[in-house]
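Biologist: I should be grateful for a close look at a single part of this protein. Please take one loop and describe it together with its surroundings.

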Amino acid sequence: MSLVPLRDLVTMGPLGIVGNLLIFAALGFFGPMRFAALASVPRILALGAGCSVLVETAQYVLRLDRVSSVDDVLVNAAGAVLAALASRRWWRTTAQAASDQPRPTLAPAG
């Protein structure tokens, strides 16, 4: 386990970095389009980091002979954010269209 940020990044190599960037890329790309509540970069960053922490914790607890690292969490979350930014033009229009629709009002009871 490595809790020092950016220490393992240099030993990952380009293939390891690209692989970690792609782990949550689909979540970052499609999440804001599917769920309007995720339609902001900070929320995607928080979701990507949270999911990555869960994966790293599971690897450590289940003793899968993998190194659990803060760098993996950082790169996984960055991959989710980069993918969200790549799809931003689609989810921004979807979120704006959803906010333009009138909200249903509740009828008074009685």
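Modeller: Arg63 counts as exposed, because its relative accessibility is 72%, a value over the 50% that marks the exposed class. The model discussed here is a predicted one. Arg63 is located in the loop that lies between α3 and α4. Its backbone also deserves attention: phi of Arg63 is near 50°, which is a positive value in a residue other than glycine.

The loop that holds Arg63 also holds Leu64, placed between α3 (41-61) and α4 (70-86). Leu64 counts as partly exposed because its relative accessibility is 46%, and the partly exposed class runs between 20% and 50%. Leu64 belongs to a nonpolar surface patch of about 440 Å², to which Tyr60, Val61 and Leu62 also contribute.

The two helices on either side of this loop cross one another. The axes of α3 and α4 come within 8 Å and make an angle of roughly 145°, and the crossing is right-handed. On the α3 side, the contact is made by Val41, Ile44, Leu45, Gly48, Ala49, Ser52, Val53 and Glu56. The α4 side supplies Asp72, Val73, Asn76, Ala77, Ala80, Val81, Ala84 and Leu85.

A further residue to consider is Leu27, which is part of helix α2 (residues 25-34). With residues up to four places away in sequence left out, Leu27 touches Pro32, Leu47 and Cys51. Leu27 and Ala83 are separated by 56 residues in sequence, while their C-alpha atoms are 8.1 Å apart in space. Leu27 counts as partly exposed because its relative accessibility is 29%.

The setting of this part is the protein chain as a whole. The chain contains five helices and zero strands, and its pattern along the sequence is α-α-α-α-α. Of its 110 residues, 29% count as buried. The accessible surface of the chain comes to about 7,600 Å², and carbon and sulfur atoms account for 67% of that surface. Among contacts between residues at least 6 apart in sequence, 72% join residues that are at least 24 apart.

To return to the loop between α3 and α4, Arg63 is exposed there, and Leu64, in that loop, takes part in the nonpolar surface patch with Tyr60, Val61 and Leu62.

Conventions:
Residues numbered from 1 in each chain as written. Predicted model: local features only at pLDDT ≥ 70, side-chain atom pairs only at ≥ 80, totals over all residues. Heavy atoms only, no water. Patch = residues over 30% accessible without salt bridge, like charges linked within 9 Å, V, L, I, M, F, W, Y side chains within 5 Å. Areas by Shrake-Rupley, 256 points an atom, 1.4 Å probe, with all protein chains shown as cover. Salt bridge = Lys/Arg side-chain N within 4 Å of Asp/Glu carboxyl O. Helix = DSSP H or I, 4+ residues; strand = E, 2+ residues; numbered from the N terminus. Buried < 20%, exposed > 50% of the residue type's maximum accessible area, 1.4 Å probe, protein only. Axes fitted to C-alpha atoms, helices over the stretch in contact; angles between N-to-C directions. Left-handed = near helix turned anticlockwise from the far one by under 90°. Contact = heavy atoms within 4.5 Å.
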